Every structure is written in C-alpha cells, then in structure tokens.
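Biologist: I am new to this structure, and I would like a close look at one part of it. Could you walk me through the place where the two chains meet?

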2 protein chains.
Amino acid sequence: MQINIHQTHHTIGDFDNIFTYLKNLIEKSEDSKDLFVFPELFLTGYPLQDLCLQRSFIERYEDLLAKIDALRNPKMPTMLIGGLEYEMDDHGIPLKIRNVIYEFNSSGLKPLYTKKLLPNYDIFDEQKYFSAGNKNTIYNFEGHTFGLLICEDMWMSSMHSTDPVKELFEEVQAEDIQLDGVINLSASPFYLGKDKTRLIRASEISQLFGCPFIYTNRVGGEDEILFDGSSFVVNGAKLTHRAKFYQKDILSYQLEKFSGEIDHKKALNDKVNSWESLFKANISKNEGGEFRLPELTDEDCEEILQSLRFGIQEYARKSGFKNFDVALSGGIDSALVLAIMKLSLEENQNLEAIFMPGFFSATMSYDLSFEMCKKIGVKLSTFPIKFAHSSLRNQYNDVFKDPMEGLCDENIQSRLRGAILYARSNQRNSMVLNTSNKSELSVGYSTLYGDSVGAISPLGDLYKTEVFALSRYINKKYGEIIPNGIIDRPPSAELREDQEDSQSLPEYPVLDTILEGLLSYRLSTGDLIEMGLNNEEVSKVFKLYSRSEYKRKQFCPIIKIKAKSFGTGYRIPICKKN
Amino acid sequence: MQINIHQTHHTIGDFDNIFTYLKNLIEKSEDSKDLFVFPELFLTGYPLQDLCLQRSFIERYEDLLAKIDALRNPKMPTMLIGGLEYEMDDHGIPLKIRNVIYEFNSSGLKPLYTKKLLPNYDIFDEQKYFSAGNKNTIYNFEGHTFGLLICEDMWMSSMHSTDPVKELFEEVQAEDIQLDGVINLSASPFYLGKDKTRLIRASEISQLFGCPFIYTNRVGGEDEILFDGSSFVVNGAKLTHRAKFYQKDILSYQLEKFSGEIDHKKALNDKVNSWESLFKANISKNEGGEFRLPELTDEDCEEILQSLRFGIQEYARKSGFKNFDVALSGGIDSALVLAIMKLSLEENQNLEAIFMPGFFSATMSYDLSFEMCKKIGVKLSTFPIKFAHSSLRNQYNDVFKDPMEGLCDENIQSRLRGAILYARSNQRNSMVLNTSNKSELSVGYSTLYGDSVGAISPLGDLYKTEVFALSRYINKKYGEIIPNGIIDRPPSAELREDQEDSQSLPEYPVLDTILEGLLSYRLSTGDLIEMGLNNEEVSKVFKLYSRSEYKRKQFCPIIKIKAKSFGTGYRIPICKKN
C-alpha cells in the first residue's frame, strides 16, 4: 500500500486555503486506496496560543469542519488529518480542547486519537490549552496495522508522567500485534541539531516495533518559530525517505517491510533523549584547553542561513511586505543582515540600505557600506544624522539647561537612526530588519527604540562569534559579499570617540561562552568560574544580563535557531534581586 | 490560640531580606505558642517564571534554605511558610519542583503540603514549572486541627481535574474530624472585583467545614502583576478580620469558634466560581437599552488608583528610579498619567513633564498642559519639535527624493518625541511613564517607538471611557487636578491638520464595548453584531485589532487591572489569517 505524506504549508487560521487543499486533493484522488497523512493541527496551524480560545476563531474553525465533512463522498480516499476537537459547555465556552488525529473518509470526519504528551516546556504551552488523551490507537487500514502518535508522543522524559511509546508497545505486546508502521503527525519546531535527534529517536522506535516509522511535519514560519518540514520515513537504522527542507512537499511512500534488527532496549531506556538534555550548555574544551562555545560548522551555517531566509520571507509574506530596509552601520551585524536579505530576495521584492553616519562614524564605515552595496547591487542612501543630532543637542541644552552628554548623547544618535529608518519604512511600506545579535541582546548593549528596532530579528539567536562564522561562511559560498574589511575591523557602536565594544565587554569568545552557560539555565556564575572563566568577567556579564531584561521585553520576534532562545520560550521577570 | 498572619512584601529573589525577616521574627518571638503563617512562595517570591530553572537562582535559594534551617532552636515558634522544594537528578538538574508549605519549628524546615491545583490559564504557567501534589494535609498544632491549602487549591472548575476542597472534605468526613480552621497560603494577583469573589468562596469553604477560613496573601508589584495583600479571616458568612490593601501587615488572629451555619452544598457545587466565568465579557444593557461596557463606579476608581500608584512605585523601587518623566500632549491620557504620578510621588522623588508641540498641536494643548502643571506644581519643559521635524523632512526629501508625507510625516513627529523623552530619561536617569490606553493599544492607534514608549504603562489596561471615568473621579476627590478643558475636548493625536480620533475610530463607548467583547475571547464579531453593534464598525475594529499585534508584542509591561489584560496572560500570534 502507499502512504502519501503531505508536508503542508499554510498560514495559521487560513481556513479557505486549507479547505481548498483538501477539496482539490479529494477530487484528484478519486478511488485511491492510498492513505493520506497530514501534519499535526493541519486544520488550524500551530502554535495557536490564545487564538484557540477566541470565539471568532472557534466559529470559523467549526465552519471549516462542517465544510470539510460535507466533502465526503463514496469515492474519496482515507486521510489522517491533524486538528482540534472542541468540547463546549452549555454557554459555548470551551471546556476541553483536544489535539487529535481525525480520520476522514467516506463516512466523514471523526477523531481517532488524542495527543497524550502535551509539551509544556520552553516555547510550548500545550497544557494551557489542550486536554491530554489517555488511550492508544491501533489503526487498521486496508489490511495493515498502524500505531499512531502525535509529535511529542514519540518522546519521553523523566519530566513527563506518561510514555506513549511504551504504552503503545505494551498494548502491542499484550495483544500480540505486529505493527506495519508507526505514523507520527507532527508540528515540530526547528532548531539546530534537532533533526539528528529526531532521526535517532525515530530509528529507536522503528527498532522497537519492528516496522517503519513514518513522520509528517509541517512547514511554516510562525513569528519566531520555524517548522522545517523534513518529513521522513525511517526503517530500522536507515533513513529511507526524506521530504524537502522548508518547502511544502508530498512524499509518496510505498509501505515497506521492516529491515534491520529488533531492539527493545534503546527506545524504552528513559535516560536517553529526554528533552532536558537539549538544554545543556553548548560549551566544550577547545584545543587550548579552555572551555568555549564551539564554532559553527559549515553544515550548521548552511542550515542557519536557510532558516533565516525562510523565516524572514514568511514574516514578510504573512504581513504583506514586499519592501525591505536595513540600516547599515559599517559593522558586521548589519552587513550580515543585508547579505542574508539579499540572498533571500524574491522577484518583485525591493531591498534598500540606509547609512546614517554620526559624528563618530569612521570614514571606513561609509566606504565599506558603499563597497558592499555596490557589489551586491543594493541601493544605498546616506542620511547623515550629525545635523539633527547637534541641533537637538543645542535645543536640549537650551530647554533643559542641562548639557546633553554621556549616555544621553550616545543614545539619541541611535534613536534618531531608528526614527529615520522607520520614516522610510512608513513611507514605502517596508519591513525593517533588526540587526542586533544575541550577545548584545544578552547584555543590553543596544539602545531601546534605537538600534533595537525592527519587525523581526534574524541574528537575535546568534552570538557575536557566530555572526562572524556565518559571515565567513557566506563569503566562502557566494564570494566576498561582505567586504573582508567589515569582518576584520574591531566591533564598535560608534556612538562616542574611539569607542570599541571591547572597552565595555569581555572579548567575544569569552562573552559568548559565559552567556551560553547562563542562558542555558544550566550553569551558575560559580560553575563558570570553576570552569576557568575569569571571575570578574563572569560577574560583570551576569550583572549586565540580569539588568537588561526590560530591553528584551520590548524586543521584536527573534527567529529561533537554537534550543534555548530569547522570546516565547524565555520568561524571566524584569524586576528581581539577583 | 493565636495565629499571626504575615502579609509580607519582598522582591523576588531578595534572599537576604527574606532571611533577615525570619531571623528577626524568631528572635523576637521566643517561647511563643502562636502559629505564624506566611504567603505562598514567601521564600522565593512569585511569579518566578523561568527564574526557578536558572542554576544561579537555585544555588542561592538552596543556600537560603540551609541558612534558615540553621536558625532553628528549641525556643522558636512554629511557622507555616510557602516555598519551593526541588528534586534534582544526578546532574543537579531539577526533575521536579514543588510549590509547598514548609513547617518550620525547633526540629527544622520540612515540607508539609504540596499545592494540588496548579493554575495554568491566563497569566499562570504553574504546570510549566511545578509538579502537583496529590495528598491532603490535616495539620495538628497545639491541640487544634487545620486543613491546609495553597492559593488556587481553594478554587475549582470544570477545567481542573481535581478539587482539593472536596478531597479535603471527603477525608474530614471519612475520618470524622472537625477542623478548627482552614489555612490558605496565597500569592493571588489583583484584579478589579477579585476580592469579592475570593470572599464569597472563602465563606463557602468556611461553611462547608464549619470553621474559620484564614487567608494569607502577599504584597508586591511584579512587573505587570500586582499582589494587593488584603489577607483576611472569614467565619461563616462574615468577614471578621482584614489586613491592609497594598501594604505589608501582620494580622494577629485569636482563633475563634465557627459562627454561622453549616452548608455543604455551596462549596461543592462545581457550577459556581469556576474561573472561566471571570473571563466573560463585561458588557451589559445601559438605560437606553444598548449593550455597552458599564461605567466604572467610584469604588472601582479608588481601587484602580491605589493599584496604579502601587504598581508604578514598585517598578520604580525595584529598578532604582527616583525620577519620573511624563510627556504631556494636552490630551487626557497623558494628563491622567501625570495626575496619578503626582499623587504617587514620594519624598526624594522628582517628577517632570515635557510638552513637545509640533505643527499640528493646538495652542490649547499648551495652555492646558501649562495650567495643569502650574496647579499641581510639576516642572513643565517645552521642547517644540517643529524645527527638528521640518529639518528632518527636508533632509529626507533630499536624500530619498520621495517627499515625506502621510503616515510617514505623522509618525516621525511621534518618534522624535519618543527620542527626546528618552534623552531626558537617559540624562537624569528617570523612569518614563507610558501614556497609552487599552483602546489605543487594541486597535494599534499609536506609533511604535513613538508615543508607545515607556518603562511601564499605567493606563494600558483601561479603555478610553475608563480613562475619562478615572480622571473625573480624581478631580472629584482631589479637586480639579486635571483641567476640565482637557477632559472636555475631543481626543486627537494632533499629528495632522484637524485630526480627531473619531475620524479613524468609532465613538469610544462603542469602540470599548466591541473591544471588551473581543478581548474577553468570549464574543465573536457575529455575537457583537447580534447584540446590536454596527456591523461595519465591528468589522473595522476587529481588523484593526487583529493587524496590530506586532505593536503590542513590543510594548512595555502594563499594570494589570482587569481579569483579562494585554501582557503575560495574553498570547496571540502576530502572523495569522483572521
């Protein structure tokens, strides 16, 4: 038999297109005996957060279910579709919401299985919204027998109170059933390294049940969270089929017999693959014997690049932007953002760069910005802020009788740039790409409403050392898009005379290592000092990190690249004693 | 016997002061036979969010526990203290975290009871962090018998799978125990009307068990969330003891016999007091027979005023601000914020106002701002933005060859004001009070990085009609602090010629009613139209609301006044199809 894995790509709540997709498929697949499989929550999109509680959304969703049910006909094929099942009280208020697999065939749409493991850590809040299932479903179709799982159900952890894989296995053993496949409907967010972990776990489950593991994931960029697709079939120890990365796709899989060796131990050992292990600090000893954040490999960089391109375009598409603006400073962050945007640009889209020099901008900053834009064919506008800066300063001194200086004089430059950049954005309806990186964000080394502005942040989940690595990778792959002069110069905010980042912050490889330790939640300042990092530097970084929460609260969505990122999955109070 | 209810007020993670508080109390209370009761999570503060997962926090907390345990001595009294209990794996990673009541006496600190009902709706994420308890604790002390509960445990709902009150009652019935009191340790966030609901429920529980209900709450402002204290004892149908509102306090309660009538039904009827009912839309028919948001009463206004004053001061104290800045526009929102801040001002604190007129600011705006500041004795600085605006416009036209106009020309004024306001804030280290209201925020009628800037938003949970009501209330109570001319003039952003809010938005009583329906999540656009609201207006408001999520994501914390507010408890994706 054939299983058609539909790796779909729809906007959350885009019920018209979701309906049309199913309608066309049903019309096209008359009399097909194949099984059609869709991602988790295909019918709604994911993550919905509070949207699934809003009456307007629920009404529209219920209309969709009714319209889909009305599509049923005797010649239609059978589908396994992820969706929500609402249970309402007498007043139409949701009592329970279940994340289910619907079976859809000639007898209509009916829930077949309810997700058992509701992830509730990091970016996940499923226990806030959904009620967990407690029953296995062994699904018989055309003489074949399948185990069903939804996303997190394939995992287990000492934090979870149930282990759906084990429960399914126990039932299969007790009833003496040989499964022909385990089918998992997923909406599984991307981060670097996740795919590998997924494949290992899939292989363990395949070897547990002695059957292929069939995995359907969705594609989409939802604000900060990316879904990369990459649906697959694993048979025993082998990855046998693979769908595209960040593109909708259909994987037609002719069901195969199990090949490999049965192994009951790996999948049921609850020490491996627990999600907590994902949040360990990514720090290891380098060649010099120092604990450091490891460098990104080329493979990592390629994955990151594709993710950022996809994430930016998704946000643009869903918000209706065709124009983009990047403020170039002559430094590496903005140059990298411009390079990524240029590499992401689609037909009918327009990208502009703005260079806004102030009193402390080096000539080199202009030269490098000019060189870069010329090379990659991006229009560069130069908008000096010196005049506005000095006239505002004069007026300020006059109004307040309190000479503008220090931080005040530094930040107003950054905020003027923010205002001009957004004037351009308002005028040509363009999307502003933020240029902050994770290191800056972590220590608050940015100006609120100044260089921290933007619709979305491509680099906010990359440490400064990773910004360098990605820049070098792009130049290696595409030629010198980012002038080497930009990569080689010492980082500076250019807000005062002879300013360099290294005056305020530890050297980046050290800073990034300390940050990785703290942001993983796993290492204390004491742990880091024990690992050989400088006491004073660790304490300083911790203090800067701890006091800058207020800036991060007002930051734009950051495209999520790592297991632990700022944003939805990072929730630290502003006010506290540390 | 005497129960001393300690309504405490500490910053999250302020372990030194928490330790000192206990130490002093123990020294002072030698040989006391009283029972000392503290709030939920007294030892850490609440809500901690991810802080309770961070290694640095955990280490410091474990030190605190060890230090407290070392305070034990044979003459010390007995205490019931809310705190966290960590269960670690072999690597020191938290496996389970429990929200518990510690008994602390001469034999040390030991967990007595684990919270059973972990709220996970709206602002609450306790299931993300904590593992629920499943055992009742009947606590015997000096010949008396108490039932113990932690906060949410006193509630019940069709959404919760357990009902701790019922479970406790069943045990008491089965064992034939007569309780002498039910003690609840709470950290229960404030919102308008919550106290009444709490008292009703307390009375039901008192009448169920036939004993007083003793409730200890904390005091604190945690970013957006306020804890008002208001600890109490309810005996039967009567509120017999009450601690202060928004102030630390100690309530010494001589345990009394039950007075009133036993009623087993009220507390066990699972239809009443479910938390879902809190989120119904606050809309009712007015005298004219139209569905409208009801007006705030004077009592409401007084509660709101005290809450805002407390919330602002808490944020200032915890962030180390002694100076405050408000941008006055001549409109009602900024005038109200200034009035509230003036009424909140403590000794050694300084408040300034800045008026930043543009081309479209009416003379009246200055006159009214001047009049107000003069009357209440606040320094007003006038910083005209016309010059900066026109010179930036000229430069813009010159650089981009694309004349600045429309939205671009409107918003740059607002952003210039934001930059100047924050220059002042940087220069004198002042806290900027945001001046947006909930109606504006809901429809995105504000400029990102412009008038939407601020450290904290006092009015972000009040609709425009409520801003008017609160302003009138303040004038009634304190004399005409806010010039009536400000209250009476038609609202305008003054960003273009003859602009008035009513050109872009429905009249505020209508707008606010529509918003309340949508933001409660309970009413769809269809429901609102059925209730008689104008079809076009409802659709327009829904569209504006739905498209402005990106602005709300970058907004500062809003002091929470209502059951449903923007902020932590409101999670709607930016990108979606509505």
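Modeller: Happy to! In this predicted model, 78 residues of chain B are in contact with 78 residues of chain A. On the side of chain B that touches chain A, the elements giving two or more residues are α2 (55-69), α3 (126-129), α7 (298-319), β19 (379-382), α10 (386-400), α11 (406-428), α17 (525-530) and α19 (549-553) of chain B. The largest share comes from α11(B), with 13 residues. Sorted by class, this side of chain B holds 37 nonpolar, 22 polar and 19 charged residues.

How do the copies face each other? Of the interface residues of chain B, 100% are also interface residues in chain A, so the copies meet through the same surface. The superposition adds to this picture: a rotation of 180° with 0.0 Å of shift along its axis places chain B on chain A, with an RMSD of 0.0 Å. That is the relation of a two-fold axis. If you want to find the axis in the view, look for Q554(B): in chain B, its C-alpha is the nearest to the axis, 2.1 Å from it.

For some context within one partner, chain A is divided into domain 1 (2-274) and domain 2 (296-501). The C-alpha centres of these two domains of chain A lie 40 Å apart. Their contact takes eight residues from domain 1 of chain A and ten residues from domain 2 of chain A. On the side of domain 1 of chain A that touches domain 2 of chain A, there are five nonpolar, three polar and no charged residues.

Note on methods
Residues numbered from 1 in each chain as written. Chains lettered and ligands numbered in written order. Predicted model: local features only at pLDDT ≥ 70, side-chain atom pairs only at ≥ 80, totals over all residues. Least-squares fit on C-alpha atoms with pLDDT ≥ 70 in both. Contact = placed C-beta atoms within 7 Å. Helix = DSSP H or I, 4+ residues; strand = E, 2+ residues; numbered from the N terminus. Nonpolar A, V, L, I, M, F, W, Y, C, P; charged D, E, K, R; others polar. Domains from an automatic or database assignment.
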